[in-house]
Amino acid sequence: MMHLTVSSHRRDGWSVVTVAGELDIATAGLLGNHLEDVGSAHDPVRLIVDLSVLAFCDASGLRVLVGAHEAARRRCGELRLVCPDGMITYLLRITGLIDVIPVHATLPEALAATPSGLSVNRT
C-alpha cells in the first residue's frame, strides 16, 4: 500500500498543496486536516491543490476536495485543482466535478487563471 504525502507552500498569494500517493478512505483525513489548517491561515482562502503526482483517488478523496471547495467558497475564497490528463482527470470528468471545481493542467495555468474561472473541460 502506498502512503499519502501532503506538503504546502505559498506562491503568488496562493496556498499550494501538493498531494502524492494514494488518496483513499485511509488517507483522506490527512488531506482534509491539512486543507483545513492551510485554509484557515489566510482570508480569503486561495487554495490550489496539485494532484499531478497523485497515483490514486477514491470517493473519500473526492469528498475531501468537494468539502474544501465548499469551505473556500463560504469564506469568499476559491479552490483550484492542478490535474494533467490521466486517470484522476477522468475520475473528475465522470463524476461531474470537473464542471464544479476549476481544473487546470499545470500549476502556472492555475496561478494565471482569472478568479472563479470555469473548469477546463478536456475531452
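**Exercise 1.** In which helix is the place of Tyr-90? Then classify the exposure of Tyr-90 and describe the surface patch to which Tyr-90 belongs.

*Solution.* The model is a predicted one. As a starting point, Tyr-90 is located in helix α3, which covers residues 87-95. The relative accessibility of Tyr-90 is 43%, and since partly exposed stands for values between the 20% and 50% limits, Tyr-90 counts as partly exposed. On the surface, Tyr-90 joins Met-87 and Ile-94 in a nonpolar patch, and the three together have about 360 Å² of accessible area.

**Exercise 2.** Find the two salt bridges and state how exposed the residues Asp-43, Arg-75, Glu-78 and Arg-80 are.

*Solution.* One of the bridges joins the side chains of Asp-43 and Arg-75, with an N to O distance of 3.5 Å. This pair links distant parts of the chain, 32 residues apart, with Asp-43 in the loop between α1 and β3 and Arg-75 in the loop between α2 and β4. Asp-43 is exposed because its relative accessible area of 62% lies over the 50% limit, whereas Arg-75, at 30%, is partly exposed. In the pair formed by Glu-78 and Arg-80, the closest N and O atoms are 2.9 Å apart, and both of these residues are buried.

**Exercise 3.** Which elements give two or more residues to the lining of the largest pocket, and what is the make-up of that lining by class?

*Solution.* The largest pocket, with a volume of about 220 Å³, is lined by 15 residues, and Leu-35, Glu-36, Gly-67, Ala-68 and Ala-71 lie nearest its centre. The elements in question are α1 (28-40) and α2 (59-74), with α1 giving the largest share, seven residues. By class, the lining holds seven nonpolar, six polar and two charged residues.

Definitions and conventions: Residues are numbered from 1 along each chain as its sequence is written. This is a predicted model: local features need pLDDT of at least 70, side-chain atom pairs count only at pLDDT 80 or more; totals for chains, interfaces and linings use all residues. Side-chain values use heavy atoms; hydrogens and water are left out. On a 1 Å grid over the protein atoms alone, a cavity is a set of points where a 1.4 Å probe fits but cannot get out, and a pocket is an open set with protein on both sides within 12 Å along at least five of seven lines; lining residues have an atom within 4 Å of a point. Grid points are joined across faces, edges and corners, and a volume is the space filled by probe spheres set on the points. Helices (H or I, at least four residues) and strands (E, at least two) are DSSP runs, numbered from the N terminus. Ala, Val, Leu, Ile, Met, Phe, Trp, Tyr, Cys and Pro count as nonpolar, Asp, Glu, Lys and Arg as charged, and the others, Gly among them, as polar. Patches are made of residues with over 30% relative accessible area and no salt bridge: like charges are joined within 9 Å, nonpolar side chains (Val, Leu, Ile, Met, Phe, Trp, Tyr) within 5 Å. Accessible areas come from the Shrake-Rupley method with a 1.4 Å probe; for residues, only the protein chains shown count as cover. A salt bridge is a side-chain nitrogen of Lys or Arg within 4 Å of a carboxyl oxygen of Asp or Glu. Buried means under 20% relative accessible area, exposed over 50%, partly exposed in between (1.4 Å probe, protein chains only).
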